[in-house]
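Take a moment to look over the sequence and the fold before reading on. The paragraphs that follow walk through a few places in turn, with the reasoning spelled out at each step.

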Amino acid sequence: MAEKVLVGLPSGFADLPPGRELAVVLSTVDPTTLSGQDLVELLAARHRQTCHDQARQLQTIRELAYSRPGPVGGPPLRRTIVDPHADTEIAFALTWTDYTANLMLSVAFTVLEKTPAIAEAMLAGRCDLDKAKVFTTELDDCEPDQARQVVARILPEIARLTTGQLRDALRKLLLTIDPAAVRKRHDKALADRCVQHQEFANGTAAIAATYLPKDKVAAAFDHVDAIARATKAAGLDERTIDQLRADVMADLLAGVDPTTAGTAAAPATRKGVVNLHLNLSTLACLDDLPGEIAGFGPVLADIARQTAAQMAEHAQWRFSVHHDNGTLAAEGRLRYRPTTAQANFINARDRTCRAPGCRRPARRCDHDHNLDWALGGPTLIPNLCCLCRRHHRAKHLGKFTITRGPHGIDWTTPRGRRYTVLLHDQPPPSPTELGLAAHILGHHTPAQLRR
Ligand SMILES: [Zn+2]
């Protein structure tokens, strides 16, 4: 008999935990019968189930690593230590590279032995394999106790972090929990800094300087980027911004002025800019919270302080020191473009584009009027936020809407999904606060909290 196919989604579908029951339901859903709203729900459910199945796959990999060869169908013989050739067995069975097989073994041991809370989150459909891989790499040097402490702090937030945001959050937390260990690793890496070149089969080559201090890399990248963008803005250049940056960098390293060489149309209007975010209390040495370089992630407190001190001496670098709560204090002007002071404040407050999961640095973003200027939205800090060009277009052309909510920026997608992007450094609101906010705003579907 043909399998029964569901039309639409069964009631309570959104709350079905991953496992056998959800797997059965998923096998009967026909996506061609679903509305856009339901398709997002279906996608979310399939992802929950995938997370669950990925945890089961890791369990199998770990079990295999401890297994002993025996007769077919024989008893489950186990070793007390891991089979050193398990990676080869796995690579052969799944046509994986040795690299992938080894990585998956590391993920299995991290997730199941070092920090089992991650395995629980995967089984519950809250954490996928890509995020488990980020945990594995970032916690590699950590002692198990320390790793468990970090995981306990991050896991409640896992559903609202992309892999990029998770990496940043882990690095930041490690800087807070064990700055001495991070400092040691950092200094060790700095001592290994070098310039390398690599040749490719297609006749091209690469040059890279590795293990440099983040602030220097941020300033260098911004300098190259500024020349490339100025050239693009001058018009008539067919090259992409990536090609321009590469050409400019090669000229600069070769000791040639890119404008004389014809690579760039215009000289850099300024030196490279580093956007450093640092708490006032950290600058005053009252605590050692990590700073952050926009687009390059967190940095150790003392490095941030040192960078801030250098910046104070070199006027071409900018930095912003902010309070933990990012209190607003600004006067509005009846003009479309924010004043420089307003723009600086918004950039320091938002740090990145305010779309869920987007990490484009504020400096490369537009300042969006949450309530459109054309509709009477004022050019005031509370009505402005950073949006990258892509998300700015999504808002104006793609029917995504943005409103200011009590906890951050509230997004509603064309398919009716709601997401709240919390302010940086702000703890997520309690369920009571959320319920109250939903009641006041008349929302029937809860928003997913995101960073
Ligand atoms: Zn964006």
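Helices α10 and α11 are oblique to each other, a description that follows from how they pack, with an angle of about 120 degrees between them and axes that are 9 Å apart. To see why that angle is called oblique, it helps to know that angles from 65 to 115 degrees count as roughly perpendicular and those over 145 as roughly antiparallel, with oblique covering the rest once the roughly parallel angles under 35 degrees are also set aside. Helix α10 spans residues 214–233 and helix α11 spans residues 241–253, and where α10 passes α11 the crossing is right-handed. Please keep in mind throughout that this is a predicted model.

Two other helix pairs can be read in the same way. Helix α1, residues 20–28, packs with helix α2, residues 36–66, at an angle of about 135 degrees, their axes being 10 Å apart. That angle makes α1 oblique to α2, and the crossing of α1 past α2 is left-handed. Helix α6, residues 129–138, and helix α8, residues 163–177, also have axes 10 Å apart, but the angle at which they pack is about 25 degrees. Therefore α6 and α8 are roughly parallel to each other, and α6 passes α8 in a right-handed crossing.

Let us turn next to the metal site. Which atoms coordinate the zinc ion? The donors are the SG atoms of C353, C358 and C388 together with the ND1 atom of H391, at 2.0 to 2.3 Å. Seen from the zinc ion, these four donor atoms subtend angles of 95 to 116 degrees, and the arrangement is therefore tetrahedral, since four donors earn that name if all angles lie between 85 and 135 degrees. Along the chain, the donors follow the spacing C-x4-C-x29-C-x2-H. Within this set, C353 and C388 link distant parts of the chain, 35 residues apart: C353 sits in the loop between α15 (340–350) and β7 (366–369), while C388 sits in the loop between β8 (384–387) and α16 (389–397). Both C353 and C388 are buried, and for C388 the relative accessible area is 4%, where buried means under 20%.

The surroundings of C388 deserve a further look. D368 has its place in strand β7, and because its relative accessibility is 1%, D368 counts as buried. Although D368 and C388 are 20 residues apart in sequence, their C-alpha atoms are 9.2 Å apart in space. Another cysteine, C386, is buried as well, with a relative accessible area of 0%. Why does C386 not form a disulfide with C365? The sulfur of C365 is the closest cysteine sulfur to that of C386, yet the two are 5.3 Å apart, which is too far for a bond, given that a disulfide needs the sulfur atoms to be within 2.5 Å. By this rule, the count of disulfides comes to zero.

Finally, consider the backbone. Most residues other than glycine have a negative phi. Against that background, Y211 has a phi near 60 degrees, a positive value in a residue that is not glycine, and Y211 lies in the loop between β2 (205–210) and α10. K399, which is not a glycine either, has a positive phi of about 65 degrees. The place of K399 is in the loop between α16 and β9 (401–404), and with a relative accessible area of 68%, K399 is exposed.

Terms used. Residues numbered from 1 in each chain as written. Predicted model: local features only at pLDDT ≥ 70, side-chain atom pairs only at ≥ 80, totals over all residues. Heavy atoms only, no water. Buried < 20%, exposed > 50% of the residue type's maximum accessible area, 1.4 Å probe, protein only. Donors = N, O, S within 2.8 Å, 3.2 Å for Na, K, Ca; no water. Tetrahedral: all angles 85-135°; square planar, octahedral: opposite > 155°, others 65-115°. Helix = DSSP H or I, 4+ residues; strand = E, 2+ residues; numbered from the N terminus. Axes fitted to C-alpha atoms, helices over the stretch in contact; angles between N-to-C directions. Left-handed = near helix turned anticlockwise from the far one by under 90°.
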